[in-house]
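Please walk me through this structure, from the chains as wholes down to single residues. I would like to know what is buried and what packs against what.

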Amino acid sequence: MPHATSPSLEAPDNDVEDSHMTDAPAVPLNNAAESQEDEAELPTNGSTTNIENMFDDDDEDDDEFSSSVPTKTEDSSQDLPQQHQPSKPKYSSPDILRQFYQRLFPFRPLFQWLNHSPTPQPDFQNREFAFVLPGGAYIRYQSFASADLFRKQCVQMTPERFEIGPQYTINPRDRKQVRKASAFRPVMKELVFDIDMTDYDPIRTCCEGAAICNKCWQFITMAVKVVDAALREDFGFQHILWVYSGRRGAHAWISDKRAREMDDSKRRSLANYLVLTMGNEQGKRAGIRRPLHPHIDRSLKILNSYFQTDVLADQDPWQSSEQAEKLLQLLPDTKLTAALQKKWDSMPGRSSNQKWADIDAVAEAGNLSTLEPKKLMEVKQDIRLEYTYPRLDAEVSKKLNHLLKSPFVVHPGTGRVCVPIDVRDLESFDPLTVPTVTELLKEIDEWDESHKGSVREEERVKVQDWQKTRLKGYVEYFRGYVATLLKEESRGKRGREEDVGVGAEEMEF
Amino acid sequence: MLAVTSAPRIASNKRTVVDARRQQFAKTRHAPEEYPHRLNFYLVPPAGDIALEQFEEWAIARLKVLGELESCQFRNKTPAETDEHMKPVLDKYMRLSSNASRSGEVQDERKRDHYSHWTLRLAFSSTPDLRQRFARLETQLLKLRMASDDARERRAFIDSLSMSWETLSEEEKITWLDQLKAATNLKRDEEESWFKVAWEKVPELVERRQCLLKRGVAYVHVREQQTMVINEFSRQLETGLELAARNLPRMDEDNRLSPILHHLSQSFVAPDAGYSESSSIGDITTPTAAAIDGLSQHFPLCMQNLHRELRKNSHLKHFGRLQYTLFLKGIGLSLQECILFWRKSFKLIADDKFKSDYLYNIRHAYGDVGGDSNRRGRGYTPYSCQKLLTEPAPSAGQTHGCPYRTYNPDNLLSLLQSVGVSDRTLLQGVKEDVGKQRYHIACNRVFDYAHKAQIKKVKDEGLWSASELDLVLHPNAYFKRSFLLKNLGKVKAGDLGVDGAFGVSSGGAGEKMEE
């Protein structure tokens, strides 16, 4: 069994481990071997209740550091294998994943969310799921008739993660049975967006590559805010679920009926509406069209304060002289840039904040004729947008048949669960405090331990495992979200049934 | 009358007889068609009766208009130039007066417009290529007409199409004036009126952020309306054409209408090009058999190809011989010289064999023997580009037809290079044209390039009129023009042509440009 190391040990590992994902295949075998070891020794423990029996596996996992282990005989046998295996792939161990799927994963709410109704419909039954197995295998076109069957397969296959695809015209498992290839095609899927920190690498200074910290997480916060506002205010979407991607980004799932029924071309149009390219490829910057579209204007207002605190102060992107070059390149007036260069050469070490203020100061003082104050302001606005405006991976949004990682799966690299982000409390979301799967499993043990004597048996059994952990808040948020969605869906359905009687009159072009 | 729409079993303009007893014997009556607007979306097929000649005549007139429009497109004319060019054409063939005009012919004109559209719709629904071209051209025509329409009438027309958009109320306008202006990029002299519509109807505007969005409703400036109308028309037409294609086999008019429709769609491939006898250069210089090799530099690609094949193998198969012989006749080669030419070219063949197998054919082509009495003395006419493009394509061992059509692009390019055409942009252009199946355009492109300097000179000095430089649609016209251009100095204006005038234009173009 892989060892769940304590949170404090995890952080430094993350940076190194991330590039070694491919090592995973080798390890599960070891794990399997070890787990068998554990189970073989289980009977000797002499645990009392059934529940505790199940927990003993976990306790043996926690051997290394936990002190609440009932049995100690396995220590020696486990110590040796421990040292040799890399600690990273522990999150993709089938055992841990099985526990996770059996006890923690909210299958029923997920089913209802994708099904848009409590009773199974084609929305869910003809939906494609793609499983990524611990060995690395990628299995597509899985579909399930109900939440229970789905759960069963997950527990059996223990996928590292699974992705959600569109609803097709027929059951994906029957796709080879149709005569015409065109009879099998995607029909409906939620509108999705993906914001990934890698797109921000050119402008973040605190971390690199796969690492993230609270400072650069603010970029994601900014992006979520802007995109969320646009989706709600401009397009009128109401059911928007933001989900932490597990390591360094966020996904959005929009379940509004109008959004689900969009075809590829509309998705592309919507995605391009949100995307703002600065026209940097050929070197010559094409300024954003003025007057600013209300969406851009609104975004600018939202992002202004973030620019001050998160970009200028925290990120400090123009500290060094070479970094400052980048800033100068963004200013179109050569006299101004020359003057600024001179000033900064003579006064090294000016912070980005100061340099930013310098632009206006030098422009004013030098009375530069080529750049009117209004144009300078526009240029500065452009720069601000460049450093704060959301950078979306638009390809994800453009196609109906794109597969995207499901909420609540475990991220194999970090072990964190992809929990939903409560947009009402966006600022307080901290990706580094999102629970990992092993922590959660531990929390179940701890709850059971602490409640052994205090609460009665029946009541104890009634409490679901996920409610004993930190996952509770997230699952409850998700359930609430799904309930709202279902209410709207059922209302819509009833409305449609009434409409059918009246009949459609106007010839809509 | 043919009605090729589906769905309504009872067409909206049909007056049904309600009484069951009389219905069986009732004659179908349709409401008389009214045309309240100059423009037309052609949603309802015509239901009245017209004479067969009118059927064909109106369709041909419309075809001419569309053909002209297409040629304007090929030459990349700006909208202004196109408009100017098309004005006389439209006035001649398809006059459409506005509501304000007093002419009593307004309804008749619109009826012609309506009927000819539907006729052509039938004719061009058979292949996807034709459908696409027709849809594109009709959309262009509508755009052209809309632009030239009076603003009020245009507004009335647009309003008559129920397109599920509504104009903004005054209060809405006042509330969001600034945002509206910013979002839709309002210029100073444009009117301040917008309309709202579900955003899914205008995804292109949304993508470019050219409209204001509020809770799923797009606020669009009225100038976009035109684009939306045009796009909608295009969409509907394409659907309609596909429907027509599906219904085409059900038509039971093989001896009456099918030939007409077939002929119409044929002439779309290359506009009708007649052959006028004045494309021979017999008046300038008398070509001899020996001169052919030298003159071949002026030949179009099809004939050059045949010539080289002939020189290479000392032989040509039947269709190639026929095509080439007729061409040579068109140049002005006399029968004697022609016989000499072939005899010499077929040098590997013995005298007797030549006499028995090939001689008669040459004489037949010249009309010296055989043929029906009407044509005796003149023989067959040299093939025009259209004929070459529509006759059966050559198979192995044959080289007749139009090489732009026959050869695949790569072989075509190498052929062009072997005759001395090597300019890369030109070859690229040829490739594009061939890709779009515009073979005569490709040929003209090569012609223009090869005679660039001369054409420029002629244009600058005004020696030739525009009609003489119009599209070449006949191999003989190509030859003549090429010869004349290259020998500009040696030929003095005024002493050529059968009728004494120098304006000997290429056959087809001349016909069109008569006015």
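The paragraphs below start with the two chains, then turn to the cores, a set of helices and two single residues.

The model is predicted. Chain A contains 20 helices and nine strands, and chain B contains 24 helices and six strands. Of the 509 residues in chain A, 53% are buried. In chain B, which has 515 residues, the buried share is 48%. Contacts can also be sorted by how far apart the partners lie in sequence. In chain A, among contacts with a separation of 6 or more, 71% are between residues 24 or more positions apart. For chain B, 70% of the contacts between residues at least 6 apart in sequence join residues at least 24 apart.

In soluble globular proteins, nonpolar side chains tend to be buried together. The largest nonpolar core in this model has 178 residues, and the members that touch the most others are A:Trp113, A:Phe150, A:Phe162, A:Phe237 and A:Leu270. Helix H9 of chain A, residues 214-234, supplies the largest share of this core, with 11 residues. A second core, separate from that one, has 32 residues, among them B:Leu295, B:Tyr324, B:Leu326 and B:Phe483.

What does A:Trp113 touch, leaving out residues up to four places away in sequence? Its contacts include the aromatic residues A:Trp253, A:Phe478 and A:Tyr481. A:Ile164, A:Leu241, A:Pro407, A:Val482 and A:Leu485 are also touched, as are A:Glu190 and A:Ser255.

B:Phe483, a member of the second core, lies in helix H23 of chain B and is buried there. This helix covers residues 475-486, 12 in number, and reaches 16 Å from its first C-alpha to its last, close to the 16 Å expected at 1.5 Å a residue. H23(B) is mostly covered, with 11 of its 12 residues buried. The buried residues include the charged B:Lys480 and B:Arg481, along with B:Tyr478, B:Phe479, B:Leu484 and B:Leu485. Against which helices do the buried residues of H23(B) pack? Their partners in chain B are H12 (292-295), H13 (301-313), H14 (318-331), H17 (385-390), H21 (439-450) and H22 (452-460).

Two of these partners, H21(B) and H22(B), also pack against each other. Two packed helices are described by the angle between their axes and the distance between the axes. For H21(B) and H22(B) the angle is about 80 degrees and the axes are 4 Å apart. H21(B) is therefore roughly perpendicular to H22(B), because angles of 65 to 115 degrees count as such. B:Phe447, B:Asp448, B:Tyr449 and B:Ala450 of H21(B) meet B:Lys452, B:Gln454 and B:Ile455 of H22(B). By type, the residues of this contact are four nonpolar, one polar and two charged.

Two single residues of chain B remain. B:Val202 sits in the loop between strand S4 (194-198) and helix H9 (203-207). Is B:Val202 buried or exposed? Its relative accessibility is 0%, so B:Val202 counts as buried. Not counting residues up to four places away in sequence, B:Val202 touches B:Val197, B:Ala218, B:Val220 and B:Met228. B:Tyr219 is 17 residues from B:Val202 in sequence, with 9.8 Å between their C-alpha atoms.

B:Glu70 belongs to helix H2 of chain B, residues 52-74. B:Glu70 counts as buried because its relative accessibility is 6%, and the cut-off for buried is under 20%. The C-alpha atoms of B:Glu70 and B:Phe134 are 9.9 Å apart, although 64 residues separate the two along the chain.

Note on methods. Residues numbered from 1 in each chain as written. Chains lettered and ligands numbered in written order. Heavy atoms only, no water. Core = buried A, V, L, I, M, F, W, Y, C linked by side-chain atoms within 4.5 Å. Buried < 20%, exposed > 50% of the residue type's maximum accessible area, 1.4 Å probe, protein only. Helix = DSSP H or I, 4+ residues; strand = E, 2+ residues; numbered from the N terminus. Contact = heavy atoms within 4.5 Å. Expected span 1.5 Å × (residues − 1). Axes fitted to C-alpha atoms, helices over the stretch in contact; angles between N-to-C directions. Parallel < 35°, antiparallel > 145°, perpendicular 65-115°, else oblique.
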